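Biologist: I should like to request a close look at the ionic contacts in this model and at its metal site. Please explain each term as it arises.

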Amino acid sequence: MSLRLYNTMSAQVEEFRTLRDKQVFMYACGPTVYDYGHIGNFRTFVAVDMLQRFLRQSGYDVHYVMNITDVDDKIIRNAARDGVSVQQYTAKYEKAFLEDSAMIGIEPPKLVRATDHINDMAEFVGKLLAKDIAYCSDDGSYYFRIAKFPAYGKLSKKDFGGMLDGARVDVDEYDKDSARDFALWKAPKPGEAFWQTSIGPGRPGWHLECSVMSMKELGESFDLHAGGEDLVFPHHENEIAQSESLTGKTFSQFWFHVRFLLVEGEKMSKSLGNFYTLRDLVLKGYKPSSIRYLLTSVPYRNQLNFTFDGLKQAAVSVDRLRNFRQRLKDKNFPSGSDPAIRTLAHETITHMREALEDDLNTAQAQAAIFEMVRLANSALDAGKVKQNDVAPLLEGLSKFDEIFAVLEDDDRPKMKAVFDWAVGEGREKEISSELREGIRSAELSDSDIEQKIAAMEGARKARNFKLSDSLRAELVAAGIMIENTKEGARWRRK
Ligand code: AMP
Ligand code: ZN
């Protein structure tokens, strides 16, 4: 079996093939760094992260590039409003994007910035101009002549019959049902940032940067291009038009689009008050691993309805996995092996792979690991797990985690970083008591905790219950959960 993926271009699930054997060249449209990223953005970025992780797990060498849009209408407007340069304005949000991506377990792609490629973009417009595909308007802006690209609409399946030759639009996002010559390059407006280039002064349009940077990094034809579903039209349609009319080659073989996330059943929007950045959720006390888990729990083409109940449920799921792994590590097992357990572990690995090969069915892959955990927990309770069964079970978990990335217990330091950021920004008021409580346990190191537990147990054995109770109370107050087992006290952070 091999990976089957939905391709927006063919509107079908297809076998995933690459142009260069076991190598994948892929590009995702990245963030516009004019604000903090919201959970919808991260649904898309996490879905693409899982795709690239699964491709690596399947033996591909993955070249994954993402752009940072650090110049566009909104950025220029906001920078001018704040009286700072475009670079000063975007630096803060670019840094935040990198931190947030790491916080939510995204393996970093190669990142390329629009403002580092202004000359490449001007040259590209020059080439389109030479072919009469681009033209210059009276004010010095350049437009793409849609009439020169008859296949326009092939990705979004829109029929643009009867479109007006020469009608044009110069905003980056426009009326979804009309085709217009779109801006490649915009002439400077008074008070706005611009660059001096071979085609004159101005700044690039948004669509142009992705064509130029993706082909520069990955070649004129590459394997896969990704983004949220809103990008199909006009952004990706325009990228195809620009690139293919110049090269005469297929731009990207596969088009991977992630369905929009809803919040509590509604489109996320600031006016509805259901708009959340990643940091908003951490400020409320939710763990990054819970957020990642929730975002991965619905296959990328299905509607994901984000709810706070779902987020709480995700935390329980992650804890179950982590506790199970801890159980495997804690215990001394009798020697030997139980073939049924080994088979269970191997079958789970196969089921997870089959699920992901089926157009990245992440929900099914999660179901497979939970079935393993359920059965193996009962076997552990019944004392049936032997020494040689532990490695296959841990391997099942680690294959899962290579894609889902939630097992490592590193939520606390990440939450502490958001706490410190909020303090630094003067946003203490937004720090919830849950976050305060959640990070308190981060202040005790593992060895501090272990020392206190040893002291607590020592005191109990010496029948100094007053001391053992007070040590326990101190740990509990710091967010440490303690469980007494036959093998002694077991602890974990709340
Ligand atoms: P932007 O920063 O607006 O350019 O968006 C970055 C990425 O997030 C793009 O791929 C968008 O399609 C995607 N995106 C924006 N909103 C949502 C949403 N609600 N659900 C899923 N993806 C989204
Ligand atoms: Zn793009």
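**Charged pairs and a metal site**

Modeller: Asp 49 has a relative accessible area of 0% and therefore counts as buried (under 20% is buried, over 50% exposed and anything in between partly exposed, with a 1.4 Å probe and protein chains only). This is a predicted model, in which local features need pLDDT of at least 70 and side-chain atom pairs count only at pLDDT 80 or more, while totals for chains, interfaces and linings use all residues. Residues are numbered from 1 along each chain as its sequence is written, chains are lettered from A and ligands numbered from 1 in the order in which they are written, and side-chain values use heavy atoms, with hydrogens and water left out.

The partner of Asp 49 is Arg 53: their side chains meet in a salt bridge, with 2.8 Å from N to O (a side-chain nitrogen of Lys or Arg within 4 Å of a carboxyl oxygen of Asp or Glu). Arg 53 is also buried, at a relative accessible area of 11%. Asp 49 and Arg 53 both belong to helix α1, where they stand four residues apart and are therefore separated by about one helical turn (helices, H or I with at least four residues, and strands, E with at least two, are DSSP runs numbered from the N terminus). The contact also forms part of a wider arrangement, since Asp 49, Arg 53, Arg 56, Glu 107 and Arg 292 are linked in a network of salt bridges. For the model as a whole, the count comes to 36 salt bridges.

A second pair may be set beside this one. Lys 95 and Glu 99 form a salt bridge in which N and O are 3.0 Å apart. Both residues lie in helix α3, four residues apart, or about one turn of the helix. Their surroundings can be described as well: Lys 95 is exposed, with a relative accessible area of 52%, whereas Asp 49 is buried at 0%. Glu 99, at 36% relative accessibility, counts as partly exposed.

A third pair joins separate elements. Asp 73 forms a salt bridge with Lys 186, and the closest N and O atoms are 3.1 Å apart. Asp 73 sits in helix α2 and Lys 186 in strand β9 (residues 181-186), so that the pair links distant parts of the chain, 113 residues apart. Lys 186 counts as buried, its relative accessibility being 6%.

The metal site may now be considered. The zinc ion (ligand 2) is coordinated by Cys 29 through SG, Cys 210 through SG and His 235 through NE2, at 2.0 to 2.2 Å (donors are N, O and S atoms within 2.8 Å of the metal, or 3.2 Å for Na, K and Ca; water is not among the atoms, and sites may look incomplete). Along the chain, the donors of this zinc ion follow the spacing C-x180-C-x24-H. Cys 210 lies in helix α5 (residues 206-218) and His 235 in helix α6 (residues 232-247), so this pair ties together parts that are 25 residues apart in sequence. Both of these donors are shielded by the definition used above: Cys 210 is buried at a relative accessible area of 0%, and His 235 counts as buried at 1%.
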